[in-house]
Amino acid sequence: MKEFTIIDSFFTKQNCQRKDVILPIGDDCAITQVPAGQQLAITTDTLVSGVHFPQDSSPEAIAHKSLAVSLSDLAAMGAEPAWINLSLSMPTGDPDWLARFSATLLAQCEYYSVQLIGGDTVQGPLVITITAHGFVPEKQAITRKGGKPGDLLYVTGCVGDAGLGLAIALDKHQAAAGNASYLRKRLDFPTPRVLAGNNLRRIASACIDISDGLLVDLQHILQGSGVGALLQLEHLPLSAELLAEVGQQQAIDLALTSGDDYELLFSVPQEQVTNLERSMLQCNVPVTCIGQLTGQTGKIQLQWNKQAYQLQRRGYQHFALEESVE
Ligand SMILES: [Mg+2]
């Protein structure tokens, strides 16, 4: 299929038609309007088949995840998603694959009120690149730089599920059927915490989404803010499915070192804790306090019930962070 046929056939029938899109797909460029008082947050993610998702992933899973990872980055900044651009490289213009991919992508776009404003398709290995644009009120973006010693450290949802989901996808772990489907879903269909992210503006002092692993991503906050962290691992939110499959110790390892959960990790000044709890209750997102920022720049202390905790490293995925963890 030719490029224009692909865009015409699969990507122009969108239910989401935003008023701030002055000129949609169809010209050399799209023209959009950023509302007064808002700033634009922009993020790009590229997903390569066999690297960022298993090669046997369904077109629905690939579409869902490609959008979710970009919206998760917007969420981490407190930005509200508005528009996306899609660049799609694929070996053949398989109409069945394209129909399923585009149906899921556009349905997810509609769900988040996001409009696809541009795209490009080329022949090549299966690679999906999405650039997402979101609005954030002036000076209210949540960066990685605002954390202060004493701020409490929180995480949304549960962590570690996607790591075991990947092990299942790679046939490195045999799970009971019900657990396997939950864990694989957490890997393939992550939920970007868009609403939570928007509600964290003026509450969180720093925020990041967990894409590479809790410890790796926490380091970005620590470096950005010039602080350290003390994690109380007995508080880590672990799903019943993860615990049932690998037990507590390995679940903790996965929660700390495996990526792809796309939960938000953020710090909150103590005087904002009541606001945080009220706000997260309102948007129905579970959050758990897992520790605190400290004054020891770049240093992560792990504790279990106030005792130093040694990472067992029996997890499926290892990251080069050992030096800075004790
Ligand atoms: Mg990110």
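**Stop 1: the seven-stranded sheet**

Select strand 9 (residues 228–232) and strand 11 (residues 287–294). These two strands pair in the antiparallel sense, over four bridges. Now pick out L230. Its bridge partner in strand 11 is Q292. Keep in mind that you are looking at a predicted model.

Next, show the whole sheet around this pair. It is an open sheet of seven strands, with mixed pairing. Follow the order across it: 8-10-7-11-9-12-13. Which strands are at the edges? They are strand 8 and strand 13 (307–308), and each pairs on one side only.

Add helix 2. This helix packs on the sheet and touches strand 8 and strand 10 (264–268). Look along both directions: helix 2 makes about 175 degrees with strand 8.

**Stop 2: the magnesium ion**

Stay with helix 2 and strand 8. Select the magnesium ion, then D73 and D209. Both residues coordinate the ion through OD atoms, at 2.1 to 2.2 Å. Where in the chain do D73 and D209 come from? D73 is in helix 2 (residues 59–77), while D209 is in strand 8. They are 136 residues apart, so the pair links distant parts of the chain.

Is D209 buried or exposed? Its relative accessibility is 3%. The cut-off for buried is under 20%, so D209 counts as buried.

Move on to D212. This residue lies in the loop between strand 8 (206–209) and helix 7 (214–225). Its relative accessible area is 37%, which makes D212 partly exposed. In UniProt, an unreviewed entry has the annotation "binding site" covering D212.

**Stop 3: the four-stranded sheet**

Now select strands 3, 4, 5 and 6. They form an open sheet with the order 3-6-4-5 and mixed pairing. Strand 3 (38–48) and strand 5 (115–123) stand at the edges. Each has a single partner strand, so one side of each has no neighbour in the sheet. On average, neighbouring strands here are turned by 15 degrees against each other, direction ignored.

Zoom in on strand 4 (residues 80–90) and strand 5. This pair runs in the parallel sense, over eight bridges. Find L88: it stands opposite T121 in strand 5.

Bring helix 2 back into view. Helix 2 packs on this sheet, touching strand 3, strand 4 and strand 6 (127–137). Its direction makes about 30 degrees with that of strand 6. Then select helix 3 (residues 95–111). Helix 3 also packs on the sheet, where it touches strand 4, strand 5 and strand 6. The direction of helix 3 makes about 170 degrees with that of strand 4.

**Stop 4: helix 4**

Select residues 161–169, which make up helix 4. How many of its nine residues are buried? Eight are, so the helix is largely enclosed by the rest of the structure. Among the buried residues are D161, L164 and I168. Which helices do the buried residues pack against? Show helix 5 (177–188) and helix 8 (240–257) to see them. After helix 4 comes D171, with a positive phi, near 60 degrees.

**Last stop: confidence**

Colour the model by pLDDT. The mean for the protein is 93, and 95% of residues reach 70 or more. Now select residues 314–326. Here pLDDT stays under 50. The model has 37 contacts for this stretch beyond four places in sequence. Where pLDDT is low, the predicted coordinates should not be read in detail.

How values were computed
Residues numbered from 1 in each chain as written. Predicted model: local features only at pLDDT ≥ 70, side-chain atom pairs only at ≥ 80, totals over all residues. Heavy atoms only, no water. Buried < 20%, exposed > 50% of the residue type's maximum accessible area, 1.4 Å probe, protein only. Contact = heavy atoms within 4.5 Å. pLDDT = per-residue confidence, 0-100. UniProt positions renumbered as here; feature names shortened; annotations may be inferred. Donors = N, O, S within 2.8 Å, 3.2 Å for Na, K, Ca; no water. Pairing = 2+ DSSP bridges. Axes fitted to C-alpha atoms, helices over the stretch in contact; angles between N-to-C directions.
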